[in-house]
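Student: I should like to examine how the descriptive terms applied to this structure are justified. Please set each value against its definition before drawing a conclusion.

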Amino acid sequence: MRPGPDLRRYFGAGDQITSDQANFEGSYPYLIEENYVNHHDDTVVVSTNRGETIAVDSLDPNPFGLYNMYGNVSEWCFDYYGDYDTQNTTDPTGPTSGSLRVNRGGGYNDFAKQLRSAYRSATMPDTTDQNLGFRVARNAQSTEGLVETSYALEVNRSENPRILVAYFSYSGNTENGAQIIAEHTGGDLFEIQMETPYSGNIYEASQADLNANVHPALAAQVAEMAQYDVVILGYPTWWSTMPMPVFSFLEGYDFSGKVILPFSSNGGTRFGDSISDLSKTAPGAYVGQGFEYEYSGGSGLSGELTDWLLANGIAVR
């Protein structure tokens with residue numbers, strides 16, 4: 001029998017993982033946030049970012065003979081996302097109802113922190129992404145019993161929804177997209193601004209807030225959030241998630257029954273795990289299929305945003 005992985009470690013092979021072991025965004029290894037500026041921790045080893053999926057058997061399997069349990073594409077799980085059952089800990093099936101399905105393992109463009117054995121991403125069951133897949137499996141031995149779960153989310157879907165276009169922008173790329181969307185939809189525009197904006201090295205400042213889980217105070221609030229049916233939410237992808245001021249925004253309101261459509265400008269890491277983090281932070285909302293673009297989005301951005309809005313059932317002018 002092959003030896004199993006050491007479950008006390010962050011990954012099956014130890015406390016770090018490299019691109020020799022998994023296909024992921026290897027230039028952002030585990031603990032990179034804490035060591036981004038000075039790389040003072042010698043255990044943080046930067047490796048390769050392939051930027052695409054690879055053949056299933058390109059890398060060695062784990063000790064159980066399974067390929068790509070980390071990286072390449074993350075995999076849907078049966079479980080709904082929710083608190084762990086601390087009583088039933090032997091092969092638990094997760095909550096009996098919910099709206100977010102768990103996916104695990106991370107994909108080719110995810111950071112190492114999303115590959116950890118204990119990490120759970122969570123998104124709507126109808127979400128599609130190029131780094132999200134599934135694994136066909138069957139029990140080694142026959143079993144009896146049936147597990148039933150139910151989808152439990154009530155969302156208002158008005159034929160003429162009131163739309164809010166809320167965005168956080170640092171360099172203007174996200175703001176440009178937000179303005180185009182507001183023009184296309186007639187939605188109200190709201191800029192998410194920090195009470196004390198970031199200054200100096202933005203990577204160090206945002207990294208510090210992320211590591212310390214700081215949710216900064218905002219300069220203004222939406223006057224009547226209850227009037228909106230759809231919130232189109234824009235942000236740059238930082239450190240594979242939403243900027244911390246966006247977390248502050250989401251935690252400031254009740255989004256139950258609303259539709260949230262995310263869009264993100266980024267420098268190549270796409271959405272990262274921001275859709276999952278958004279879904280977890282606004283559990284009563286339906287988080288629809290997102291749209292992402294690199295930097296300013298180019299000359300075709302307006303038309304691409306139109307197509308995305310129509311695909312999500314939003315009428316455009």
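Student: What phi does G186, the residue after α2, have?
Tutor: The phi of G186, which follows α2, is positive, near 75°. This is a predicted model, in which local features need pLDDT of at least 70 and side-chain atom pairs count only at pLDDT 80 or more, while totals for chains, interfaces and linings use all residues. Residues are numbered from 1 along each chain as its sequence is written, and side-chain values use heavy atoms, with hydrogens and water left out.

Student: What makes α2 a helix, and how does its reach stand against the expected value?
Tutor: Helices are DSSP runs of H or I with at least four residues, strands are runs of E with at least two, and both are numbered from the N terminus. α2 has 13 residues. The expected span is 1.5 Å times one less than the number of residues. For α2 that expectation is 18 Å, and the distance from its first C-alpha to its last, 19 Å, is close to it.

Student: Which residues of α2 are called buried, and what covers them?
Tutor: Buried means under 20% relative accessible area, exposed means over 50%, and partly exposed lies in between, with a 1.4 Å probe and protein chains only. In α2 the term applies to N173, T174, G177, A178, I180, I181, A182, H184 and T185. Their cover includes β7 (163–167), β8 (188–191), β9 (230–236), β10, β12 and α6 (301–311).

Student: Why is α5 called largely enclosed?
Tutor: Helix α5 (residues 274–281) has 6 of its 8 residues buried, so it is largely enclosed by the rest of the structure. The buried residues are S274, I275, S276, D277, L278 and S279. Among the elements covering them are β4, β9, α4, β10 and β11 (286–287).

Student: Why is β9 also called largely enclosed?
Tutor: Here 7 of the 7 residues are buried, so β9 is largely enclosed by the rest of the structure. V230, I232, G234 and P236 point one way, V231, L233 and Y235 point the other way, and all are buried.

Student: How do you know that β9 pairs with β7 and with β10?
Tutor: Two strands pair if DSSP finds at least two bridges between them. β7 and β9 have 5 bridges in the parallel sense, and L164 has V231 of β9 as its bridge partner. β9 and β10 have 7 bridges, also parallel, with V230 bridged to V259 of β10. Both pairings therefore satisfy the requirement of at least two bridges.

Student: How are β1 and β5 placed in their sheet?
Tutor: The sheet is open, with 4 strands in the order β4-β3-β1-β5 and mixed pairing. Its edge strands, β4 (121–123) and β5 (132–133), each pair on one side only. β1 and β5 pair in the parallel sense over 2 bridges, and E75 has G133 of β5 as its bridge partner.

Student: Why is S74 called buried?
Tutor: S74, which lies in strand β1, has a relative accessible area of 6% and is therefore buried. Contact means heavy atoms within 4.5 Å. Leaving out residues up to four places away in sequence, S74 touches N103, R104, G106, G107, N131, L132 and G133.

Student: What makes an empty region a cavity, and how many cavities are counted?
Tutor: On a 1 Å grid over the protein atoms alone, a cavity is a set of points where a 1.4 Å probe fits but cannot get out; a pocket is an open set with protein on both sides within 12 Å along at least five of seven lines, and lining residues have an atom within 4 Å of a point. By this rule there is 1 cavity of 30 Å³ or more. The largest cavity has a volume of about 50 Å³, where volume is the space filled by probe spheres set on grid points joined across faces, edges and corners. Its lining is Y198, S206, L210, W238, W239, T241, M242, P243, M244 and P245.

Student: Which elements give two or more residues to the lining of the largest pocket?
Tutor: The largest pocket holds about 1,800 Å³ of space. Those elements are β1 (74–80) and β3 (101–104), and β1 gives the largest share, 6 residues. Of the 50 lining residues, L66, M69, E75, C77 and R104 lie nearest the centre.
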